[in-house]
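Thanks for coming. I will take the ligand site to begin with, and then a few single residues.

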Amino acid sequence: MSEREHLPALLEETLSYLDIQRAGTYIDGTLGMAGHASEILKRNPKARLIGFDLDENSLLKAREYLRPYADRVELFHADFKYLPDLDIDLSTVRGILLDLGMSSYQLETQDRGFSHALEGPLDMRMDFRNKLTAAKILDKYSEPKLARVFRTYGELKQANQLARRIATLRRTQKIESTTQLRMIVEEVCHWIPQKGKIHPASKVFQALRIEVNQELEGLSEFLERTIRLILPKTRIAVISFHSLEDRIVKHTLARLAHPENGPGLIDILTKKPVTPGEDEISRTSRARSAKLRAAEKKPYGTQKTQ
Ligand SMILES: C[S@@+](CC[C@H](N)C(=O)[O-])C[C@H]1O[C@@H](n2cnc3c(N)ncnc32)[C@H](O)[C@@H]1O
């Protein structure tokens, strides 16, 4: 299957919560293969799109996919977290989308090292300008720091044992390939494949990926700063793929909707997170863990002044 044939996660639900029929600018902070972005541009000829991606290769592909709409598109090879610092006119922005994490394209590209099922280098960088790779983390982090990464970002029960094993092994060998790491994890976790059980290497790879790309760093601050800057009625939709990320989104939106003092800045549109139906899950297994949360900025006058 080509990277483009993967359906964007929760497509209809996301476009509906973003209310994409309105004329104006939509910001896609995580452009990927431009699946959501191209639908916005296709369905609304009065929509403009500003897209961000950390991954230069993805951005090149997205630019190609968005070629039919090129006159309505502006792309940045940058972290979406810089959005509030850029000179972007937020007064025309109607919706902001974040579809967090990595894309199927990244997962399935062997030399990126995101998948434990494909032999490749332990890289895992979304942005090649980043100096930190997964191999460097395994080589340089202290044993307690490694254990913390596996425990916090992978929720791995055997975090201490795995960190200890890596600290021992790296005295005599370099741990540089995905297969090598998967085999170490299988040995430490006494892995026996069982139907319906998540491979422990998935948790370890997730943990390393989050650490390499500092994925959770600044997410809450980004949401808060951006929501303070956008105009009333602007919508924000966030899709997350693991509980750590979803927890940050949920708590940040709840705090902005119901601050301890004064009126809220937003209305939460999704009382519960929206999850994919069986149909979508059967087509894209990765969609299984997707959770969408959306909010709308409240009208002026009800905002908390700072
Ligand atoms: C799940 S994919 C998005 C898929 C996209 N919605 C589509 O339909 O094709 C996430 C993308 O966001 C990018 N990304 C992740 N974190 C980012 C960040 N902080 N800033 C910019 N791009 C980021 C990744 O490189 C990846 O291409």
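How do the residues of the shell around the ligand divide into nonpolar, polar and charged? The split is 10 nonpolar, nine polar and four charged. Please keep in mind that this is a predicted model.

On to the shell itself. It holds 23 residues, and the closest to the ligand are His 36, Asp 53, Asp 79, Asp 99 and Gln 106. As for location, the ligand takes up the space of the second largest pocket.

Now the polar contacts with the ligand. Asp 53 places a polar side-chain atom 2.7 Å from a ligand oxygen. Met 33 uses its backbone instead: an N or O atom there lies 3.0 Å from an oxygen atom of the ligand. With Asp 79, the ligand atom is a nitrogen, 2.9 Å from an N or O atom in the side chain of that residue. Taken on its own, the ligand has 600 Å² of accessible area, and the protein covers 94% of it.

Next, three single residues, starting with Thr 178. This residue is in helix 8, which runs over residues 178-188. Is Thr 178 buried or exposed? Its relative accessibility is 0%, and the cut-off for buried is under 20%, so Thr 178 counts as buried. The side chain of Thr 178 has a partner for a polar contact: it reaches the backbone oxygen of Leu 118 at 2.7 Å.

The second residue is Asp 89. You will find it in the loop that lies between strand 3, residues 73-76, and strand 4, residues 93-99. Its relative accessible area is 49%. Exposed would need over 50%, and buried would need under 20%, so Asp 89 is classed as partly exposed. Which side chain does Asp 89 join in a polar contact of 2.7 Å? That partner is Ser 91. There is also a distance to note for Asp 89: Thr 25 is 64 residues away in sequence, while the two C-alpha atoms are 9.4 Å apart in space.

The third is Leu 229, in helix 10, which covers residues 219-229. Leu 229 has a relative accessible area of 43% and is therefore partly exposed. How far apart in space are Leu 229 and Lys 271, C-alpha to C-alpha? The distance is 23 Å, with their positions 42 residues apart in sequence.

To return to the ligand before I stop: the protein covers 94% of its accessible area, and the shell around it has 23 residues. That is what I have for today.

Technical notes:
Residues numbered from 1 in each chain as written. Predicted model: local features only at pLDDT ≥ 70, side-chain atom pairs only at ≥ 80, totals over all residues. Heavy atoms only, no water. Near = heavy atom within 4 Å. Polar contact = N/O pair within 3.5 Å; in protein donor to acceptor, adjacent residues only side chain to side chain. Areas by Shrake-Rupley, 256 points an atom, 1.4 Å probe, with all protein chains shown as cover. 1 Å grid on protein atoms, 1.4 Å probe; cavity = no way out; pocket = protein on both sides within 12 Å on 5 of 7 lines; lining within 4 Å. Sits in = over half its atoms within 2 Å of the grid points. Nonpolar A, V, L, I, M, F, W, Y, C, P; charged D, E, K, R; others polar. Helix = DSSP H or I, 4+ residues; strand = E, 2+ residues; numbered from the N terminus. Buried < 20%, exposed > 50% of the residue type's maximum accessible area, 1.4 Å probe, protein only.
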